[in-house]
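Biologist: Please take a close look at how the helices of this protein pack against one another. Start with one pair and work outwards from there.

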Amino acid sequence: MTLVTAAAPLSTDEILTGLGLVIVLAIACRLAAVRFRVPAIVLLLPVGFLAGAITDDVHPEELFGGAFQPLVSLGVGLILFEAGLRLSMRELGGGVRRVVLRLISGGALLTFASVTVATELIFGLNWGISAVLGAILVVSGPTVVLPLLSFVRPSDRVRSVLKWEGTLIDPLGALLGVVALHAVLQGAAGDRPFHPGLLAGSLAIGAAVGAAGAALLWLLLRQLERSAPGQGVAAALMVLTAAVVGADLLREDSGLVAAAVMGMALAHQEELDVTGILQFHGTVVELLIGILFVLISASVTPDQVGEVIWRGLALVAVLVLLIRPLVVALATRRSELSRRERAFAAWMAPRGIIAAATASAFGLSLTEAGVEGADRVLPIAFVVIFATVVLYGLTAAPVARLLGVAGTGAPLVLLVGGNPWARSIAAALQAVGVRVRLWTGSEGERAAAERSGLEAGPVPLGVDVEGLEAELEEVSKALVMTASDEFNALAAFELRRELGKNSVYRLAPREKPATEVPAHAEGRILFSAELTFPELSRRLDRGAGIVELDGVGYTEQEGAGLIPLFALAADGGLEVVGAGETPRPGRGEKLICLVGSDRQRVGSSSAGR
């Protein structure tokens with residue numbers, strides 16, 4: 001990359017202005033992305049690019065000098081650690097597992113080789129630089145893919161494939177990039193001979209330091225779990241920083257390997273719960289990613305982009321129209337995915353955060369090593385990243401509708417609470433074709449739910465924003481029904497931030513709180529103001545039941561002690577009945593109601609069935 005040399009050192013005021021502008025722009029883009037429900041990268045890349053082009057304040061080489069490359073390397077290490085923590089192959093099942101494994105193994109290698117060849121043919125760079133770009137452009141990323149999937153809501157199988165491919169490919173692609181970078185730096189594409197032993201040594205040092213860091217952090221977390229559980233994030237940040245820096249001091253660029261190994265090692269131990277460490281992404285990493293994107297984009301000049309824009313778009317066309325469809329075709333061969341699902345998967349491969357960060361870090365390393373063509377790495381990656389994000393962001397929904405896979409995933413209702421009558425409500429919904437997921441902190445309640453054929457898991461509230469978004473990706477409505485009114489209010493508040501104010505319901509509290517609860521902290525009240533947790537428990541313990549009625553049956557018995565809980569539209573849509581609401585079922589609609597002990601439960605013959 002061609003570095004711009006400042007005519008004179010910046011003054012304190014100029015540095016302060018530049019840093020302040022970078023931080024303000026990074027946070028503003030994050031807030032705007034949440035508001036408009038778009039990937040933050042869509043805003044961060046152009047905003048950073050424009051800031052670098054039209055102002056004299058946002059120039060990373062002037063603001064940070066020689067500290068910019070170490071800052072980017074440390075940032076990439078933090079991102080890789082967080083991505084490694086998310087690796088859990090146990091959550092993949094059946095045919096989806098096979099497809100994902102093919103995509104992140106043979107598919108990643110095929111993408112790497114194909115992009116390398118295409119880059120060499122289109123740009124005429126040396127094979128070493130082309131290989132580095134091939135490795136950089138392998139990755140996709142959940143921060144770009146998940147918001148698109150949430151908006152499009154494709155079928156379950158293709159959603160799972162794309163979700164897990166995006167999550168797993170980030171650290172694996174970055175490690176592949178480290179291998180390519182080491183090969184170039186050791187002379188694979190230059191005058192110096194390449195010694196495989198040096199590369200193997202770098203990978204071994206990074207893996208050893210990462211494993212040692214994971215062991216140390218595990219010991220610290222075990223101690224902090226008893227004495228100061230809230231300090232887990234600080235301990236993780238401390239040990240991770242020491243591991244990345246220590247590995248890099250032993251062997252340059254080994255810190256990236258150490259960070260990924262640390263994350264993967266902690267993710268696959270079972271004694272400690274490390275979900276709290278994922279607050280990284282909601283605090284340090286979120287801010288760092290935003291700052292890095294603004295700085296990385298600002299370091300690309302309009303002249304650099306102008307030199308590669310048309311050939312860069314040609315590379316995008318090859319990626320989108322040839323390489324991705326070929327990779328998906330091979331990975332999904334003889335799988336359970338339909339042709340339409342395969343076609344949609346072939347149209348979803350935006351590049352994201354890891355690609356931009358590694359392009360910046362690797363480009364600087366190669367430039368400092370004097371490798372010819374290194375100044376093209378970041379501009380080419382910038383064009384590809386921005387073009388793919390915009391292309392897929394604008395076309396994902398129309399393509400999904402054209403293929404008939406948009407919105408085919410059945411709505412998912414989330415129930416927070418695993419007591420017996422909550423499980424009865426879940427079973428009643430499932431009996432009429434509604435998908436249900438149950439969250440509860442009790443292992444016994446989870447086991448009971450699973451024995452009843454319900455999908456159950458722990459309550460992941462309080463983790464990082466991205467992790468919660470991933471958990472709620474398919475959820476259309478949430479019902480909070482625990483025994484604690486205080487927890488219900490807090491859980492409803494957090495869920496409403498993700499699902500919207502009209503999609504979250506909670507049980508009526510036992511009594512009005514001593515202090516007035518602000519409206520934004522309350523979920524909509526479920527069913528009826530009189531149906532508190534104790535009241536529902538009392539009624540169901542005394543033989544009350546849940547029945548399914550059609551519109552005629554409900555109208556005939558309205559006023560006879562029926563309390564409507566849910567309304568099912570003729571097209572399968574579900575509406576939750578809130579306190580004070582009276583459903584008026586139309587033709588083909590059904591209702592699920594709470595009745596006294598003289599009625600029969602769902603699954604028995606009931607009126608209107």
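Modeller: Helix 15 (residues 302-331) and helix 18 pack with their axes 8 Å apart, at an angle of about 50 degrees. Axes here are lines fitted to C-alpha atoms, for helices over the stretch in contact, and angles run from 0 to 180 degrees between N-to-C directions. Helices (H or I, at least four residues) and strands (E, at least two) are DSSP runs, numbered from the N terminus. This is a predicted model, in which local features need pLDDT of at least 70 and side-chain atom pairs count only at pLDDT 80 or more, while totals for chains, interfaces and linings use all residues. Residues are numbered from 1 along each chain as its sequence is written, and side-chain values use heavy atoms, with hydrogens and water left out.

Helix 15 and helix 18 are therefore oblique to each other; angles under 35 degrees count as roughly parallel, over 145 as roughly antiparallel, 65 to 115 as roughly perpendicular and the rest as oblique. Their crossing is right-handed, the near helix being turned clockwise from the far one by less than a right angle. On the helix 15 side, the contact (heavy atoms within 4.5 Å) is made by Gln304, Val305, Val308, Ile309, Gly312, Leu313, Leu315, Val316, Leu319 and Val320. Helix 18 contributes Pro379, Ile380, Phe382, Val383, Val384, Ala387, Thr388, Leu391 and Tyr392. By class, 16 of these residues are nonpolar, three are polar and none is charged. In this scheme Ala, Val, Leu, Ile, Met, Phe, Trp, Tyr, Cys and Pro count as nonpolar, Asp, Glu, Lys and Arg as charged, and the others, Gly among them, as polar.

In the loop between helix 15 and helix 16 (339-346) sits Arg334. Its phi is positive, about 60 degrees, although Arg334 is not a glycine. With a relative accessible area of 71%, Arg334 is exposed; exposed means over 50%, buried under 20% and partly exposed in between (1.4 Å probe, protein chains only).

Helix 18 leads to the interior. The largest nonpolar core has 138 residues, of which Phe81, Leu217, Phe344 and Leu366 touch the most other members. Helix 18 (residues 377-403) gives this core its largest share, 16 residues. A nonpolar core is a set of buried Ala, Val, Leu, Ile, Met, Phe, Trp, Tyr and Cys residues joined through side-chain atoms within 4.5 Å. Leu366 is in contact with Ile129, Val132, Leu181, Val184, Leu185, Val371, Ala374 and Val377, leaving aside its neighbours within four places in sequence. A separate core of 34 residues includes Phe527, Leu540, Leu568 and Leu594.

Leu366 also takes part in the next helix pair, since it is one of the helix 17 residues that meet helix 7. Helix 7 (residues 127-136) and helix 17 (residues 353-368) have axes 10 Å apart and an angle of about 160 degrees. That makes the two helices roughly antiparallel. Helix 7 passes helix 17 in a right-handed crossing. Ile129, Val132 and Ile136 in helix 7 meet Ala355, Thr358, Ala359, Phe362 and Leu366 in helix 17. This contact has seven nonpolar residues, one polar and no charged.

Helix 7 packs on helix 6 (residues 106-123) as well, at about 135 degrees and with the axes 8 Å apart. Helix 6 and helix 7 are therefore oblique to each other, and their crossing is right-handed. Phe112, Val115, Thr116, Val117, Thr119 and Glu120 of helix 6 face Trp127, Ser130, Ala131, Leu133, Gly134 and Ala135 of helix 7 in this contact. The classes here are seven nonpolar, four polar and one charged.

Thr116 of helix 6 counts as buried, at 8% relative accessibility. Not counting residues up to four places away in sequence, Thr116 touches Trp127, Ser130, Ala131 and Gly134. Thr116 and Ala135 are 19 residues apart in sequence, with 7.9 Å between their C-alpha atoms.

Phe527, named above in the 34-residue core, is touched by Val576, as are Lys477, Leu479, Tyr505, Leu526, Leu565, Phe566 and Glu581, not counting residues up to four places away in sequence. Val576 belongs to strand 9 (residues 574-576) and is buried at 3% relative accessibility. Its C-alpha atom is separated by 7.7 Å from that of Phe527, 49 residues away along the chain.

For the whole protein, the secondary structure comes to 24 helices and 10 strands, and 54% of the 609 residues count as buried.
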